[in-house]
Amino acid sequence: MLFKALSAAVYGIDANLIDVEVDYSGVVTEKDILHTVGLPDAAVRESRDRVRAAIKNSGYSIPPTQITINLAPADLKKEGSGFDLPIALGILGAYGALRIDNVEQFLMVGELGLDGSVRPIPGMLPVAILAREKKIPNLILPAANAAEAAVVEGVNVYPVASLLDVIDLLNSTILGQVQREPFRVKTEDLLGELQLFSVDFKDVRGQQTAKRALEVSAAGSHNILMIGPPGSGKTMLAKRLPSILAPLSFEEALETTKIHSVAGVLDSAAGLVTQRPFRSPHHTISDAGLIGGGIIPRPGEVSLAHNGLLFLDELPEFPRNVLEVMRQPLEDHTVTIARASMSLTFPARFMLAAAMNPCPSGYSHC
């Protein structure tokens with residue numbers, strides 16, 4: 001019997017729809033054999049062991065037969081643990097553990113623990129946006145990712161804590177209507193909250209000339225370089241610069257949240273990035289760490305600083321090749337990373353602030 005569930009894979013900052021097709025042969029074997037096809041990476045291939053244990057510890061059993069799991073389209077490389085949940089539901093649906101035989105109104109993502117618990121995964125906001133674009137009304141996801149996905153209007157978000165919770169949710173569906181209230185957040189309240197900064201520009205006493213320069217820089221989103229001896233307050237001022245930048249609009253907040261979600265640095269409790277990012281990489285960072293990279297490219301520091309501030313402390317200590325790769329993002333406000341399998345573009349519109357000493361010893365008398 002064939003059973004199909006819908007899931008998603010994130011490439012860059014956008015998600016692609018993935019069909020999870022499960023078919024079992026019906027031929028009795030000594031034990032169940034799970035075979036995954038569709039260019040899975042190691043994490044996806046290992047899902048068969050997590051899924052097998054999660055189903056068993058949830059009170060169900062897998063029939064002793066050969067089960068084929070296809071992740072379509074088969075020419076896109078699949079990575080990550082987010083396919084665990086749809087694979088498990090596909091297996092359960094294939095041999096009749098679900099009361100419904102069609103789950104095309106649900107998009108499912110989530111990692112499974114061996115006890116059947118559903119664990120959070122990165123990149124949930126692009127998945128929610130994909131569900132809205134594809135007109136899939138319901139999104140089933142880990143409870144820890146609910147606040148992040150719920151900022152997308154037009155999609156019913158159903159957070160779940162375990163595999164049994166998902167089964168109960170689907171089995172309670174009557175004539176396509178889910179008998180549970182979706183999780184909702186008020187996006188206007190998130191952006192309307194008082195902006196509280198751990199360090200604030202108003203705390204600085206003195207430094208009138210430097211503060212005036214930073215105010216002009218913040219007003220026009222100009223890049224700025226601060227030169228001065230150690231202890232003169234360059235880093236202190238730079239850390240407080242985001243507190244005088246203009247507040248994020250909802251569109252900017254959504255785009256920034258997508259990048260942080262894909263990179264796995266988003267605060268799951270917040271759900272939405274409401275303050276302009278401040279990124280301060282160490283001078284030992286590589287060029288790939290700065291602009292992004294990987295077999296399936298991931299955003300780097302220039303993209304994580306999108307709509308915010310990128311601060312380079314001790315600028316002369318950065319390798320020349322690292323500084324050179326920033327030229328194109330500063331001009332075009334995007335980063336394009338080409339690999340053999342794909343080419344992805346990340347946004348990188350940021351304000352650059354840098355600090356350095358006047359000479360190698362730190363003082364201008366060299």
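Here are a few exercises on this predicted model, each with a worked solution.

Some ground rules before starting: local features need pLDDT of at least 70, side-chain atom pairs count only at pLDDT 80 or more, and totals for chains, interfaces and linings use all residues. Residues are numbered from 1 along each chain as its sequence is written, and side-chain values use heavy atoms, with hydrogens and water left out.

**Exercise 1. The whole chain**

Task: work out how many helices and strands the chain has, and what share of its residues is buried.

Solution: Start with the DSSP runs, numbered from the N terminus: helices are H or I with at least four residues, strands are E with at least two. The count comes to 14 helices and 17 strands. Next, take buried as under 20% relative accessible area, exposed as over 50% and partly exposed as in between, using a 1.4 Å probe and protein chains only. On that scale, 50% of the 366 residues are buried. For the overall dimensions, the C-alpha atoms fill a box of roughly 85 × 40 × 30 Å along the principal axes. Finally, with contact meaning heavy atoms within 4.5 Å, look at contacts with a separation of 6 or more: 73% of them are between residues 24 or more positions apart.

**Exercise 2. Strand β2 and its partners**

Task: find which strands β2 pairs with, and in what direction they run.

Solution: Two strands pair if DSSP finds at least two bridges between them. Strand β1 (residues 2-11) and strand β2 (residues 14-24) run antiparallel and share ten bridges. One spot to check is A8, whose bridge partner in β2 is L17. The hairpin of β1 and β2 has two residues between the strands, and G12 there takes a positive phi near 70°. Now turn to strand β4 (residues 66-72): six bridges join β4 to β2, again antiparallel. Here D19 stands opposite A72 of β4.

**Exercise 3. L89 and the α3/α6 crossing**

Task: decide whether L89 is buried or exposed, then describe how its helix meets α6.

Solution: First place the residue: L89 sits in helix α3 (residues 84-94). L89 counts as buried because its relative accessibility is 1%. Skipping neighbours within four places in sequence, L89 touches F3, L98, M108, L163, V166 and L170.

Then fit the axes, which are lines through C-alpha atoms (for helices, over the stretch in contact), with angles running from 0 to 180 degrees between N-to-C directions. The axes of α3 and helix α6 (residues 163-171) come within 11 Å and cross at roughly 55°. So α3 is oblique to α6, since angles under 35 degrees count as roughly parallel, over 145 as roughly antiparallel, 65 to 115 as roughly perpendicular and the rest as oblique. From α3 come L85, A88, L89 and L92, and from α6 come L163, V166, I167 and L170, to make the contact. As for α6 itself, seven of its nine residues are buried, among them D165 and N171.

**Exercise 4. Helix α10**

Task: compare the span of α10 with the expected one.

Solution: The expected span is 1.5 Å times one less than the number of residues. Helix α10 (residues 250-263) has 14 residues, and its first and last C-alpha atoms are 20 Å apart, close to the expected 20 Å. Its buried residues include K258 and H260. Just after α10, G264 takes a positive phi of about 80°.
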